[in-house]
Amino acid sequence: MILQAKNLTKVFGGVIANKEINLNVEEGTVTALIGPNGSGKTTFINQVSGVLKPTSGQILFKDKDITSLEAHDISRIGIARTFQKIRLFEKLTVIENVLVARRKFFKCGFLDIVFHTKRLKNEEKEQLDIALNLLQRLGLADEAWKMPGELPYGKRRALEIARALALEPKLLLLDEPAAGMTRNEFASIIDIIQKLKEQGITMLLVEHTMAFIRETSDKVYVLNFGEVIAEGTFEEMEHDPAVVAAYLGEESV
Amino acid sequence: MRVVNWKKILLIIALALVVVYPFLDKNDYRLYLANRALIHSILASGLVFLTGFAGQISLGQAGFYAIGAYTSAYITTRLGMPIILGIVCGILLSLGAGLILSIPSFKLKAFFLSLVTIAFGQIVYVLILNLQSITGGPYGFFGIPPMKVGQYYFDNKGYYYTFLIILVLVILIIYRIKNSYLGRSMFAINDDVIAAEVCGINSKQSKIFAFALSASLAGLAGSLYAHLAGFLSPEPFTFFESSNFVAMAVVGGLRNILGGTIGGVILTFLPEFLRFRGWENYYLIVTSLTVVLVVVFMPNGLGNIIFKLFRGKTHSHAIHKEITTLRKEKEGGTK
Amino acid sequence: METKDILQNLVSGIAIGSTYGLIGLGVVFLWQSIERINFANISSAMLSAYLFYTFYSEIGMGFFISFVLSVGIVALYGLGLRYLIHEPITKRGGGRLEFVVATLMICVLWLNVIIVFYGGLPKPFPPVFGKATDFVRFAGVSLPVVYFYIFLVVAILMAFLHFLLRKTLVGKSLRATAQNKEVAQLMGVNVNLTTSLAFMLSTTVVGIAGILLAPIYFVSLELGGGSIGIKGFSAAVMAGLIDPYGAVVGGILLGIIENFSTLFISSTYRDVISFLILVAVLIFKPKGIFVWSLHRD
Amino acid sequence: MKSKIFATLLVLALLTALSFGAIKVALCAPFTGLGSILGDYIKKGAKLAVEEINSTGGVLGEQIELTVYDTAANPSTAMNVVRRALFSDKVVAVFGPNMSSAVLGVHQLAQQAKTPMLVGATSPSFRFTKVHNPFLFRLRADDDVKVSQLVKYAVDVLGIKKPGVIYGSTDYCLAALDVAKREFGARGIEIVDAEQIKEGEKDATGQLLKLKNAGFDGLIGLTHEPEAAVVVKQLRQLEIDVPIIGFSAWGVPAFTDLAGDAAIGVYSVQGFNPNDSELAVRSFVAHYKSKWGEEPSDPAQAYYDGIYLLAKAIEIANSTDGEKLAEVLSNQLEMYGVQGMLKCDEHHNFTSICYISQFDGESWTIIDKLH
């Protein structure tokens, strides 16, 4: 088990966003988190990535308690994420966006910077190569020197994933990776996820698009009003009456 | 087909003028002002780093300036230690204060943080007034020894070159930090804290670092000032002085590596140049009006305009040299 | 120490604190309506005091006309701040910091303008709110008459601003604009009008404060750049910058702290004590005050 | 038309000629910032003397050219402007700064430039016997003199046995406090309590209640003008009825204007009193009033006297050489001015005149004039 949530609860000023969620993610699989709007999916992702602190409950990553760790520590031990609404560093170039996430691989210290040592130069060069490779893998090699604002939506999403991958994560959290995509972009994102899976990266994703989940996921958790109401394979969920009830009125693709 | 690059020549002439200035101008008053401008530039460069690069605000910089000045004065005058030790202690003590002041910045933003820094400046000011046995209080602190090398006691010329070298080193260090992963992380935090955090960047550490660096630079500036002036009194360490320092940084340009220097020089010389006969009431009106106009109509500061003159266009602060050269290498290699 | 003295000290603390609260009201209002710190706001107090002094004492106009004229001019000054400072900065991509610096420098500018026209000497304020030797005495405790005018105006302004911000459509539009300009626009709020209103009202409030504070602070530069500005900010922040009531409560708290640290600790260190308490409140008071803190989503 | 142009040219030529041969004098005083209360009086006093001298033919046939600089009540700025006056404008003499800490910071520059510096700052800390600067002179009685007289009057005449002190936070106030402590101590009287009111504070309830509880029977006021007004108002408010005797800032219109009726009955030790019936004072007050439309206040008279002192010194030395002037100023010059007989004493003070006066609601009645 790479990730375990135990009785995870989050309360916002009286409103319960997550209620005693128990969720397991197996290494090497893709797990999806679905549910109607406002059912607490993003809140869950935020807690796992350390952006929000849980009210109660526990999060285990590789059997280690990470509940009280801060976001930057969590990302350093191998959990990376993307955001529902894309958050890039708009004032940095594409390549620099990726390089920011390579921060933890730098071994040089403050004095190396002040004296501009050879070691630092080599390290910068090394990291730049890695970042360029990563951009190449995600089809962004030609845009490396542009500003993120100049990229089309699909490529911005790819860049955000590239940035997350730059952390060399064991677990990747994707918050609605396919939201707002055109048909072509949609296909390419599915392709990216398939490839990542082949490389052995475990993923937990939040999605609305059923087709996407059908294509990618090994296991599905269904959330409603902050609670897990069902779990299983996609096919099982499709026919679960509770799930269907929860989605009643919601458009299921 | 070689075109003479006038801009480059102009730049070289300007730099040469800066280097030989003390020999061109025999006016002791202007040279003294130049020295004060250099001190202000050191301090304002720290503020550019803190505000422009790390996105934090400080309206209490005069507090660090004061700590540096009085520490160095006390150690050299009362304890009879060498000046270099005084300066180092001045830097260390303001660094310590900077570390403490960075704590509120974890939780507080904008207004609240600026108020904490104002309060810090006020507290330091009141302490200077009241800790008479250490600071001399309102009477002032007198007899601070001038710097010397061997038997040569510094005159304004000696100070000029010392301060110039220190300023150049400070700018170089800031430049290197800016162009390293540290600088990149800071810009990232400035852009989007949460995104930076999930990229593995410790925003607290970054803020501590920025506060510590700008505080040490203010402390350094303060201790240099103590030895230049030879005496200290509480008046140059008020809230208005702090806001003057921020004005220097903004007028020079917050996104500009030379912003602190440009602002420091301009705002040190401008009011003095405006001291025309009969203008004893007006010169500050014109100075403050100039600052307002620059801030309102050129929010990127005067530094940008000067850069534009020489480069034709301004670079995004983000594209840093290392990457650009590597990029050229790579493109040269593939093509 | 007699109980009477302690009571007197408390009452004086409340009185001086209410002057901080009065300035704090303008700060809270501007923050609530445009989320800006405006250091040029405090200049309104000085400007209106000097204007009133000119109209009333020097030209000899009536109280009412002088009052309306001074406050009216200061309201226009608010509008000027918006169109000459706030808008151009925003248009050229400047942010909060640029606004802070610009307004700080305007604060300095006004101080120097006043010196040119009136000199650095403080002027006595005409005895429109009672003479210097007029006091109200009750049960061994006394207070200058002018403070009762201040209490009255504080109460009225506080209630008015609270009502305006929380209960009226105008207030809702103001707060909507502060939180998100685009959304407010979509909701049909006239952003242009509300922003102007915010600037004008905030200078007006501080302008009224200036005239009322002049008997205590004198018609002096003190009103436009002394510690009252910082104390006003502190008052507003003490209670979280959320509600006009908070500013007044914060101001009174600050006044009481000051007077009692004088009485029981030291008059020399009273400013250090009150600023340390302010910093402690900012850092340790967990809720309410940390509305803009990093980890609240 | 031609004659007009000719006249203009003539005037221009005259002006240049005048300024070419002019005796340059600098005046450094505070005009901006929160400490700018006195700058206006200083400037008006000095300008009046300069105009009077120039209209009667100047000194050695040359006009005096007074350049005014703002010190912003900040020694650091004073350092800038004094340097400018001495090294850039190369003046014959510098008047001011008027702030003691600033004087202590910059007086060595005057020595370095061998230029006389005549100041109105009053702290005893830079008496000649302490700083040994032959170029530094003081135009007013120093605070040691004034506070000693204040204490003497408080004890001998007002019969204060348990003095309570209220003081400000500037060097002016603290230096006065030190002298007061020493003088009371010398008479075997202990100050029951000394409380501070910082510049800008507008409530002194806590301080006054503390003094009251210490059982004081007389208030010694060592603050600046606005705080003095705050203190007397609150004494009336708290109905504390003790004799009040204040230092020089408590004896000027800047204080009584702000305090109004609350100032009635206050005693003060003054450096200047416009009601003095002495001829020199009456004539100075009359000239000042007709020129500026208001009554002079301390330290206008000091700088007025100062300009005359310098003019006289230049005449005696028949030169504007700084060293000669300093020599004349310290040893040869004796002159009758607004502040009585002006002669440099061993502290390099030109006068030790002061008045003990009481405010009657309209003006200050002189009780005693002391030399």
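Me: How many residue pairs are in polar contact between domain 1 of chain A and domain 2 of chain A, counting pairs with both at pLDDT 80 or more?
Reply: In this predicted model, chain A is divided into domain 1, made of 1–9 + 17–78 + 171–253, and domain 2, which covers 91–168. Between these two domains the count of salt bridges is zero. Polar contacts, with both residues at pLDDT 80 or more, are nevertheless found there, and the number of residue pairs is six.

Me: Which element supplies the largest share of the side of domain 1 of chain A that touches domain 2 of chain A?
Reply: On that side of domain 1 of chain A, at least two residues each come from helix H2 (71–76), strand E7 (171–175) and helix H7 (183–198) of chain A. The residues of this side comprise nine nonpolar, three polar and four charged. The largest share amounts to four residues, and the element that gives it is H7(A).

Me: What area is buried between domain 1 of chain A and domain 2 of chain A?
Reply: The C-alpha centres of the two domains of chain A lie 27 Å apart, and 16 residues of domain 1 are in contact with eleven residues of domain 2. Carbon and sulfur atoms give 66% of the area buried between them, which comes to about 1100 Å².

Me: Which residue of chain D meets the side chain of Asp28(B) in a salt bridge?
Reply: The contact between these chains takes 33 residues from chain D and 28 residues from chain B, and the count of salt bridges between them is two. In one of these, the N to O distance to the side chain of Asp28(B) is 3.1 Å, and the partner is Arg83(D).

Me: Which helix gives the largest share of the side of chain D that touches chain B?
Reply: Between chain D and chain B, 15 residue pairs are in polar contact, with both residues at pLDDT 80 or more. Two or more residues of the side of chain D come from each of strand E2 (64–70), helix H3 (75–88), helix H4 (100–113) and helix H7 (171–186) of chain D. By class, this side has 13 nonpolar, twelve polar and eight charged residues. The largest share is ten residues, and the helix that gives it is H3(D).

Me: What area is buried between chain D and chain B?
Reply: Carbon and sulfur atoms give 54% of the buried area between these chains. Of the part that chain D buries against chain B, Asn80(D), Arg83(D) and Arg84(D) supply 20%, more than any other three residues. Summed over both chains, the buried area is about 2800 Å².

Me: Which pair of chains shares the most contacts?
Reply: No contact joins chain A and chain D, whose closest C-alpha atoms lie 34 Å apart. Of the five pairs of chains that are in contact, the one sharing the most contacts is chains B and C.

Me: Where in chain C does pLDDT stay under 50?
Reply: The mean pLDDT of chain C is 85, and 95% of its residues reach 70 or more. There is nonetheless a stretch under 50, for which the model has 30 contacts beyond four places in sequence, and this stretch is residues 286–297.

Me: In which loop of chain D is Pro97(D) found?
Reply: Most peptide bonds are trans. The bond from Gly96(D) to Pro97(D), however, is cis, with omega near 5°. Pro97(D) is found in the loop between strand E3 (93–95) and H4 of chain D.

Methods. Residues are numbered from 1 along each chain as its sequence is written. Chains are lettered from A and ligands numbered from 1 in the order in which they are written. Side-chain values use heavy atoms; hydrogens and water are left out. Contact means heavy atoms within 4.5 Å. Domain bounds come from an automatic or database domain assignment. Buried area is the accessible area (1.4 Å probe) that two parts lose on being put together, summed over both. A salt bridge is a side-chain nitrogen of Lys or Arg within 4 Å of a carboxyl oxygen of Asp or Glu. A polar contact is a pair of N or O atoms within 3.5 Å; within protein, one must be able to donate a hydrogen and the other to accept it, and residues adjacent in sequence count only if both atoms are side-chain atoms. Ala, Val, Leu, Ile, Met, Phe, Trp, Tyr, Cys and Pro count as nonpolar, Asp, Glu, Lys and Arg as charged, and the others, Gly among them, as polar. pLDDT is the predictor's confidence in each residue, from 0 to 100.
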